[in-house]
Amino acid sequence: DCSGSMYRFNGHDERLNRCLEATTLVMESFDGMERRFDYSIVGHSGDSKCIPFVEFGHPPKNPKDRLRILQRMVAHSQFCISGDNTLPAMAQAIVDVEGPGFGEENNADECIVIGVSDANLARYGIHPRELGKIMKSSANGAKVYCVFIASFGAEAESITRELPIGQGFVCMQTSDLPRVLRHILTSQIG
């Protein structure tokens with residue numbers, strides 16, 4: 001999630017900071033493991049459902065590259081138009097991991113999509129069941145998860161109750177991010 005609300009409300013609850021920390025955690029965790037794991041990082045906002053930051057097969061090579069990615073995420077969230085593309089972004093991510101050139105070469109049932117969002121769906125008239133339906137739409141067995149890193153009131157908890165069991169997480173503290181991501185990855189990779 002690189003939407004304007006991430007930037008706007010960062011001073012209130014550090015949601016953009018947590019998104020950047022989750023991104024850093026992923027990039028650093030997979031550093032040096034390119035032969036075993038491939039990943040991409042894309043953002044979404046009111047501008048687009050797919051803002052590429054890391055392409056499959058092209059992970060950042062060093063800390064300077066990782067910092068540039070984080071800087072691009074902040075800049076995008078600062079200057080994008082208002083809106084929410086969570087649903088199309090999740091649907092596109094599933095297509096990307098299962099589609100030609102990626103999912104067909106690998107076992108799609110070993111593919112994982114993790115969406116990170118600020119749970120700001122109600123503001124845009126998005127019902128959590130719509131997100132849950134997309135999360136269950138994988139045709140080839142990709143596992144899909146959502147991690148909510150901010151919330152107005154109990155919106156994040158309410159959303160996770162509507163998602164497929166075990167596929168939605170609320171993570172309001174940075175210190176919980178490693179545990180949540182480890183749980184997702186180890187439950188699928190073993």
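## Helix 4 and its surroundings

Let's start with helix 4, whose buried residues are Arg66, Ile69, Leu70, Met73, His76 and Ser77. Seen down the helix axis, these buried residues fall within an arc of 125°, so they line one face of helix 4. Keep in mind that this is a predicted model. The chain around helix 4 has 8 helices and 5 strands in total.

**A closer look at helix 4**

- Why do buried residues recur at such spacings in a helix? An α-helix has 3.6 residues a turn, so residues three or four places apart point the same way.
- The buried residues of helix 4 pack against three elements: helix 1 (4–8), helix 3 (15–29) and strand 2 (51–54).
- Turn to the other side of helix 4 and you'll find Lys64 and Phe79, which are exposed.
- Helix 4 runs over residues 63–79, which is 17 residues, and at 1.5 Å a residue that should span 24 Å. Its end C-alpha atoms sit 25 Å apart, so the two values agree.
- The N-terminal end of helix 4 has a cap, Asn62, with a side-chain oxygen 3.1 Å from the backbone nitrogen of Lys64.

**The chain as a whole**

- If you read along the sequence, the helices and strands come in the order α-α-α-β-β-α-α-β-α-β-α-β-α.
- How does the radius of gyration fit a compact globule? For 190 residues, such a globule would have a value near 16 Å, and the chain has 15 Å, which agrees.
- Along its principal axes, the C-alpha trace spans about 40 × 35 × 30 Å.
- Of the 190 residues in the chain, 47% are buried.
- Take the contacts with a separation of 6 or more: 67% of them join residues 24 or more positions apart.

**The cysteines**

- How many disulfides does the model have? The count is 0, where a disulfide needs two cysteine sulfur atoms within 2.5 Å.
- For Cys111, the closest cysteine sulfur belongs to Cys50 and is 16 Å away, so the pair is too far apart for a bond.
- Cys171 is in no disulfide either, as the nearest cysteine sulfur, in Cys19, is 12 Å from its own.
- Are Cys111 and Cys171 buried or exposed? Cys111 counts as buried because its relative accessibility is 6%. Cys171 is buried too, with a relative accessible area of 0%.

Note on methods: Residues numbered from 1 in each chain as written. Predicted model: local features only at pLDDT ≥ 70, side-chain atom pairs only at ≥ 80, totals over all residues. Heavy atoms only, no water. Buried < 20%, exposed > 50% of the residue type's maximum accessible area, 1.4 Å probe, protein only. Helix = DSSP H or I, 4+ residues; strand = E, 2+ residues; numbered from the N terminus. Expected span 1.5 Å × (residues − 1). Arc of directions from axis to C-beta. Contact = heavy atoms within 4.5 Å. Polar contact = N/O pair within 3.5 Å; in protein donor to acceptor, adjacent residues only side chain to side chain. Rg over C-alpha atoms; globule rule 2.2 N^0.38 Å.
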